[in-house]
Amino acid sequence: MPNTWSVTITRLVVALVAGALIGWWYGSVAAGLFAAAMGLLAWHLYHLYKLDRWLKTNDLEDFPTGLGIWPDTFARVSFFRGRARRRGKRLRALLKEFRLSASAFPDAGVILNSDNDLLYFNKAARELLGLKKKSDRGQRIENLIRVPAFLEYLRNGDFSEPGEFQLLPSLDVWVSCRIVPYGPEQRLVVLQDISRSKRLETMRRDFLANASHELRTPLTVITGYLDTLEGDEGLPDYMQHPLTEMNAQAARMRTLLEDLLRLSELESSELSSREERVDVAALTSAAKQSAKALEHCPDKVEVKVNSGIGILGVHSELQSVISNLVVNAVNHTERDGRIEIHWDADDEGGRLSVVDSGIGIDEDDIPRLTERFYRIDAGRSRDKGGTGLGLAIVKHALIRHEAELEIDSTPGIGSRFTCIFPPNRLA
Amino acid sequence: MNDQFSTHIYRKFNENLEGLRTNVMEMGGLVEKQVTDAIEAIVSGDSELGLRVAQDDYKVNAMEVQIDEECNRVLATMSPAAADLRLLITVIKTITDLERIGDEAERIGKLAAQLATEERPSGSYRELRSLGEHVIEMLHDSLDAFSRLDPVDAISVVEEDKLVDEEYDRISRECISLMMEDPRNIRRFMDVSWVARSLERIGDHATNISEYVIYLVKGKDIRHTETDQLRAQVIGNKD
């Protein structure tokens, strides 16, 4: 209030004048002024002392009284102190809310700064990672979670995909990890226990491999006898046709089992080795030859190899890839159609494509093509001896070679299946 | 200097030494993975995994060389003293033990590849798995103790070593009796007892690391103290 100041100034002037007058009365104006000034100073200092003492306590309400401008000042300070305290209380309540919800959060959450120091971790994190509530804060996360896969994921900086790794020291605990940068330098790390789904995955894979393996043996026996019977001269004529049928079906079962086994082998998420260099020209010409040997093969099959660069990987797997793609093309193209096999490669990558002028694929079907046993027209492909696993095999073999499959198709015109290999898989 | 460690809140060393500590922990993590994979290879008869472990040992050796050079550099340029110097010494000793553990893991990996070609016994190497898990836990705990500079955790590891030695003796005896039963078993159980030996050695190295940690934190050399006196000596006097 401006009034208070004007009052204060007025009082100051009055006091000084009074002092001067009294001094004049006693003979020395200067002494009088000096005394008055000193008195004023002492009075203000006293109030300052009261303020200082009050500030040292935590008391909010009981601010000291005073005269002149001081009561106002005291009241103002008290007001600000009160406001700050209320604000602090609100913040603490908010923080408590957050802590409670973070505790309830089922996944492990950890907050890191740019030095990878542990700023905060919730209860689930403590339990999953074995962190200690008080003493581990401020510690670098790399010192406590030392799994090489995690360190690599953390330092790489590419958090577009979650990382999966075994949490040591246990052999059985698998964890999926996502890292989300936020703010100027903080990062949120969320970890989920996926041991169960990993176990299920392993069980499924083992079951598939075992079942396929076990079924092979009886099948071999059956096929053996069928072969013998078929070759038997004394066989009655009416049995000829059924036998041929049985043999064909048995052969189909064998192919199916082989494909299943192949698939379960390929499904392991390990990448295939990069030791061997596969010559694409040889691969494609062999594919052309086996295509020509097929019954329904169209007349025109061309191979265009535009680069001498080869692929680093496993020959048998790449052979599966191209063979499955070519067989699909043959099965879906008319006699008078055309099939082309292309290979282009440069610094940016390699593209291996199989193009056909066949019946094409509906846009809706394309995303599901690589699913196991998925068929667009079940009757047709079963007749032609397809197992429904071909594209699934192609997909997994390509994953193992760090490659991708691109499918383009127009119904009635034809289809193009392209395998795109990254530069680190070329030589 | 000891009060630098006596509080529970984590305190940092200076930048250079912090980086060094993290490097050691990274090497520790790699070694932990090697040992884990090696044991997994034995238990599941995965020869490919075993050979991979053996191949990857060069990474462990490379890290030892790199950290050693870093230590020399710090020693030369910083001339550290007191706690910093003790940390440096601990680092140098620890990486040596870690490198040896790596070698043992390599040995186990190769043996796993060999054992995979032989017929698996009905127990499926259960005892080896148990000993292996025991030893991995010791290694993990000793590295955690180093991270946290916690002497109490370190002591538990030292005490565990006795149990591991006993477990090793049991396996050893069992191998001998199985070999005597049937001479055809000799090849296989010789390999098994080599694996057990390597695991027991890994346990010893983990114990060494824990002893270094105790020295680092308490300034006490407890390497040749009797186990029953350990706790009293280390925790008793809070210095």
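Reader: Hi! At roughly what angle do helix H7 and helix H8 of chain A cross, and how far apart are their axes?

Author: Happy to help! In this predicted model, H7 (residues 195–231) and H8 (residues 240–266) of chain A cross at roughly 155°, and their axes come within 9 Å. Angles over 145 degrees count as roughly antiparallel, so H7(A) and H8(A) are roughly antiparallel to each other.

Reader: Nice. Which handedness does the crossing of H7(A) past H8(A) have?

Author: H7(A) passes H8(A) in a left-handed crossing. By class, the contact of these two helices has 14 nonpolar, 5 polar and 4 charged residues.

Reader: Over to chain B, then. At what angle do H4(B) and H7(B) pack?

Author: About 170°, with the axes of H4 (residues 82–117) and H7 (residues 186–218) of chain B 9 Å apart. H4(B) and H7(B) are therefore roughly antiparallel to each other. The crossing of H4(B) past H7(B) is left-handed.

Reader: And what residue classes make up the contact of H4(B) with H7(B)?

Author: There are 13 nonpolar, 6 polar and 9 charged residues in the contact of H4(B) with H7(B).

Reader: Cool. Which residues touch the most other members in the largest nonpolar core?

Author: That core has 60 residues, and the ones touching the most other members are Met27(B), Val35(B), Ala38(B), Ile42(B), Leu139(B) and Val213(B). H2, H3 (47–78), H4, H5, H6 (151–181) and H7 of chain B each give two or more residues to this core. H7(B) gives the most, with 13 residues.

Reader: Let me zoom in on Ala38(B). What does Ala38(B) touch, not counting residues up to four places away in sequence?

Author: Ala38(B) touches Gly50(B), Val53(B), Ala105(B), Ile108(B), Gly109(B) and Ala112(B).

Reader: Which residues belong to the other core, of 37 residues?

Author: Among them are Val301(A), Val321(A), Ile393(A) and Cys419(A), and this core of 37 residues lies apart from the largest one.

Reader: Last topic, the interface. How many residues of chain B are in contact with chain A?

Author: 21 residues of chain B are in contact with 17 residues of chain A. On the chain B side, H2 (15–44) and H5 (126–148) each supply at least two residues.

Reader: Which helix gives the most to that side of chain B?

Author: H2(B) does, with 11 residues. By class, the residues of chain B that touch chain A divide into 6 nonpolar, 7 polar and 8 charged.

How values were computed. Residues are numbered from 1 along each chain as its sequence is written. Chains are lettered from A and ligands numbered from 1 in the order in which they are written. This is a predicted model: local features need pLDDT of at least 70, side-chain atom pairs count only at pLDDT 80 or more; totals for chains, interfaces and linings use all residues. Axes are lines fitted to C-alpha atoms, for helices over the stretch in contact, and angles run from 0 to 180 degrees between N-to-C directions. Helices (H or I, at least four residues) and strands (E, at least two) are DSSP runs, numbered from the N terminus. Angles under 35 degrees count as roughly parallel, over 145 as roughly antiparallel, 65 to 115 as roughly perpendicular and the rest as oblique. A crossing is left-handed if the near helix is turned anticlockwise from the far one by less than a right angle, and right-handed if clockwise. Ala, Val, Leu, Ile, Met, Phe, Trp, Tyr, Cys and Pro count as nonpolar, Asp, Glu, Lys and Arg as charged, and the others, Gly among them, as polar. Two residues are in contact if their C-beta atoms, placed from the backbone, lie within 7 Å. A nonpolar core is a set of buried Ala, Val, Leu, Ile, Met, Phe, Trp, Tyr and Cys residues joined through C-beta atoms within 7 Å. A residue is buried if 20 or more other C-beta atoms lie within 10 Å of its own, exposed if 12 or fewer, and partly exposed in between; C-beta atoms are placed from the backbone.
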